[in-house]
Amino acid sequence: MTGFFVFLTIFVILLILIGIGALIAYIFQGKCILCALKHIGRGRLTMDIENEPEYMSGASDTPIMGWSSWNLLRNHIDEEAIYDTAKAMKESGLADAGYEYVNIDDCWQSTMRDSDGKIQADLEAFPSGIKSLCDKVNALGLKLGIYSSNGTLTCEDMPASLGNEELDARTFASWGIEYVKYDFCHNQKLTGSTPIIEFADISKPGEHSEMRLRPDKAHYTGRAKVVKCSGLPSKEGIGFINHGAGTAQFHVDVPYGGDYVMTIHYHKIALHRRQYMQVHINGRVYEVHMPKGFSMTHDAKVQLHIRLDSGDNKIVFCNPIVTMADSSYIQYKRMGMALRDASREWAKVSGREEKPITFSICEWGFSHPWHWGSKAGNMWRTTMDITPNWLRIVGIYNKSVDLYEYASPAHINDPDMLEVGNGKLTPDENRAHFTLWCMMAAPLVLGNDLRKLTDGSSNSRFLLSVLTNKSLILIDQDPLVKPAKRIKRSPALDILARPLANGDTAICFFNKSGKERPVEFSIDSLKEDDYLNFKKAKGNYEVHDLWTDERYSSTEITATVPKHGVAVFRISQ
């Protein structure tokens, strides 16, 4: 045992020495170690985006309604199945009820991009191409959506869009796509690590450098400063701008605005990993990626195209990445802006009316996108994927219902697709699932086989009665886009209430237990919650049961809620 403890002591000492050595090395690389340690809180956005504008693509302000291929078809999709589903959406009456998006999920792609680097459809499963399919779907009065991922590959290991955002966005826009789901598989997190910057040259394309941004000429904020570095020819550089530690700012005056080239000279890191920096110029953000590589020489360079205005230009070197949330925000916003700009540019080029693209952030809720999603896209997933399992549906509901404060017109919490008609859900569970999604102002994206809904069977008639419930769809599509708040929670029964644009209030009693529950509720009690903005009536209220269609006047609601079921009402003055 003595020998073991001696070995363990030596091992611990070595670890401590290695750690101290790593810290010293990190500091000598011009980095703030305390700032780097903040990355542990991966779900917390550290960037200040309060003054960033809300993301507005011009798409619908209310939650989208449509269908997605994933829950039913998975990776076995082709253009015939997609078009047949679009026709079924029209023939079944779902389109008349408001369902209009036909969304193609993963595995529509070929594994090969074309000779111009453009993403293309599977050459066998989609022989006519996506544009042709889109034209056919549009001819039915419907919209086509598509899928990609914020990674090097999609979740099914197909080509994705990370690093190709602008090219793919222009491709989607040229096809007429009006919805893009952007997943999170194979993501490569942006690093908060930034090397020592020796200097940066600015020149007109094809000419020698006209201006040099030197470390001693910068104005520094935070911990950023000039540091000594023996590995650089000039022996010094800009350090401590990693992980939001600080910034280096320059002012450059040019007689003519236009395109320029910036050449950034930096010190190679000994750890052989990717590094990152941003250059902010007059409100425009340029991303700089330093690849990992060998350090046969101590210094390296990277170039980027920039645009300067005539007169004074403010140039800022920084790296705001601390957590995974910071990285996700930047990457998702990059794609969102690319899609927004591409749809507008294509309208100008084609001379056609613009087709705004709804941008769906499918980051699974890892980095709390409800805190930043409104600045980057139109809707954001709150959880991992849904399944046609009652416990899973309730779990997603429990997570999503408490996010009511983050939704607003054109910015929607997304608890994932509907499983109505899938699996072994009971009739009451199907009604409850649909009702809860409507109360939460969630997208109503179907995942069942719409082609079967035109067969006239009793099951099809039941499913259509659920999915086309006009009164509940009006709740979901209410223009105020204020989701329901859970005003009472218990292990057996939740009470949800949602304010509506015309002054009405929707109230839902959700029975989570395995036996039916009686409910007695005083409507006047709704005035106690400021979120509802409920005005107490002098007399009775008009109460509309949204499933039975019964209407009556009262100051109370009395109901019996079935197990795993709901009772839902619209209350008017």
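Reader: In which loop is N533 found?
Author: This is a predicted model, where local features need pLDDT of at least 70, side-chain atom pairs count only at pLDDT 80 or more, and totals for chains, interfaces and linings use all residues. Residues are numbered from 1 along each chain as its sequence is written, and side-chain values use heavy atoms, with hydrogens and water left out. Helices (H or I, at least four residues) and strands (E, at least two) are DSSP runs, numbered from the N terminus. On that basis, N533 falls in the loop between β23 (517–522) and β24 (541–545).

Reader: Is N533 buried or exposed?
Author: Buried means under 20% relative accessible area, exposed over 50%, and partly exposed in between (1.4 Å probe, protein chains only). N533 isn't a glycine, yet has a positive phi of about 50°. Its relative accessible area is 54%, so N533 counts as exposed.

Reader: And what is the relative accessibility of V481?
Author: V481 is a residue other than glycine with a positive phi, near 50°. Its place is the loop between α11 (470–476) and β20 (485–488). V481 counts as buried because its relative accessibility is 1%.

Reader: How many disulfides does the structure hold?
Author: A disulfide here is a pair of cysteine sulfur atoms within 2.5 Å. C155 and C185 fit, with their sulfur atoms 1.9 Å apart, and their link is right-handed, with 90° about the S-S bond. The number of disulfides in the structure is one.

Reader: How many residues apart in sequence are the parts that C155 and C185 tie together?
Author: C155 sits in the loop between β3 (143–149) and α6 (165–175), and C185 in the loop between β4 (179–183) and β5 (197–203). C155 is partly exposed at 29% relative accessibility, while C185 is buried at 16%. Given those two loops, the pair ties together parts whose separation in sequence is 30 residues.

Reader: Which cysteine has the sulfur nearest to that of C134?
Author: C134 is in no disulfide. At 0% relative accessibility, C134 counts as buried. The nearest cysteine sulfur is 20 Å away, in C107.

Reader: Why is C438 not bonded to the cysteine with the closest sulfur?
Author: C438 is buried, with 0% relative accessibility. The closest cysteine sulfur belongs to C508, and it's too far for a bond because the distance is 10.0 Å.

Reader: Which residues does S328 touch, leaving out those up to four places away in sequence?
Author: S328 is part of helix α7 (residues 324–350), and it's buried, with a relative accessible area of 1%. A contact means heavy atoms within 4.5 Å. With residues up to four places away left out, S328 touches F184, E363, S367 and W372.

Reader: Zooming out, what share of the protein's residues is buried?
Author: The protein has 11 helices and 27 strands, and its C-alpha trace spans about 85 × 65 × 60 Å along the principal axes. Among contacts with a separation of 6 or more, 72% join residues 24 or more positions apart. Of the 573 residues, the buried share is 55%.

Reader: What part of the exposed area do carbon and sulfur atoms supply?
Author: Accessible areas come from the Shrake-Rupley method with a 1.4 Å probe, and for residues only the protein chains shown count as cover. The protein exposes about 25600 Å². Of that area, carbon and sulfur atoms supply 53%.
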